[in-house]
Amino acid sequence: MTAGSQIEVFLADYRDAAQAAAVVDLLNAYASDPAGGGVPLDPAVRQDLPAALAARPQAFSVLAFEGGQPVGLVNCLEGFSTFACKPLVNVHDVVVLPTHRGQGVAQKMFARVEQEARRRGACKLTLEVLSNNKPALRTYEREGFASYQLDPEFGHAVFLQKKL
């Protein structure tokens, strides 16, 4: 951040053209990075994503701007904990542009995510991270995230996927 600059953090309005573009551009930057898979978003995804998110009341995004420019994004999707009989919020994507890493942007975005999750009555936040993404792991641990387990005898949770 530049001297005297301020990071502004807020919930994205997917119907606002500038904010929708920021969501797409930041997510594309993440997807294009090796940590995000190294492949830019498909043009159809870039075009359709804001409307698709706006159509889902369980989705919300937090944007971080500095000097009118987008520098960070957290996409979240509300789920449901059957054990707690309450909503939960899955942090699906976390993006901080390389120029703004290590400057507390993620911390500010996570504070806003937690505020929204509490407003929705969520019992917890969840997220997944690649095991060798050490900087992200350190950030998430600083924010209070930890490996999930019920009984240590059964080990910790493992995230799996099956593409359709």
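This is a short talk about one strand, one loop residue and one group of rings in a predicted model.

Hi everyone, and thanks for coming. Please keep the structure open and follow along with me.

Let's start with strand β2, which covers residues 59–66. Is this strand buried or exposed? Eight of its eight residues are buried, so β2 is largely enclosed by the rest of the structure. A residue counts as buried when its relative accessible area is under 20%. You can look at the strand from either side and find the faces covered. On one side sit Ala-59, Ser-61, Leu-63 and Phe-65, and on the other Phe-60, Val-62, Ala-64 and Glu-66.

Now, which strands pair with β2? One is β1, which runs antiparallel to β2 and is joined to it over five bridges. If you want a place to look, find Val-9, which stands opposite Ala-64 of β2. Another partner is β3, residues 69–81, also antiparallel to β2, with eight bridges between the two. Here you can pick out Phe-65, whose bridge partner in β3 is Pro-70.

What lies between β2 and β3 in their hairpin? There are two residues between the strands, and in this hairpin Gly-67 takes a positive phi near 55°.

Let's move to a loop. Between β1 (7–11) and α1 (17–32) you will find Asp-13. With a relative accessibility of 39%, Asp-13 counts as partly exposed. Which residues does Asp-13 touch, once we leave out those up to four places away in sequence? The answer is Gln-19 and Ala-20. Asp-13 also gives us a link back to our strand: Leu-63 is 50 residues away from it in sequence, yet their C-alpha atoms are 9.6 Å apart in space.

My last stop is the aromatic rings. How many aromatic pairs turn up in a search of the whole structure? The search finds four. In one pair, Tyr-140 and Phe-145, the ring centres are 6.2 Å apart and the planes meet at 70°, so this pair is edge-to-face. The cut-off for that label is an angle over 60 degrees. Both partners are buried: Tyr-140 has a relative accessibility of 9%, and Phe-145 has a relative accessible area of 15%. Phe-110 joins in too, as ring pairs link Phe-110, Tyr-140 and Phe-145 into a cluster.

So, to recap: we saw β2 buried along its eight residues, Asp-13 partly exposed in its loop, and a cluster of three aromatic residues, Phe-110, Tyr-140 and Phe-145. Thanks for listening!

Key:
Residues are numbered from 1 along each chain as its sequence is written. This is a predicted model: local features need pLDDT of at least 70, side-chain atom pairs count only at pLDDT 80 or more; totals for chains, interfaces and linings use all residues. Side-chain values use heavy atoms; hydrogens and water are left out. Helices (H or I, at least four residues) and strands (E, at least two) are DSSP runs, numbered from the N terminus. Buried means under 20% relative accessible area, exposed over 50%, partly exposed in between (1.4 Å probe, protein chains only). Contact means heavy atoms within 4.5 Å. Rings of Phe, Tyr and Trp (its six-membered ring) pair if their centres lie within 6.5 Å; planes under 30 degrees apart count as stacked, over 60 as edge-to-face and the rest as tilted. Two strands pair if DSSP finds at least two bridges between them.
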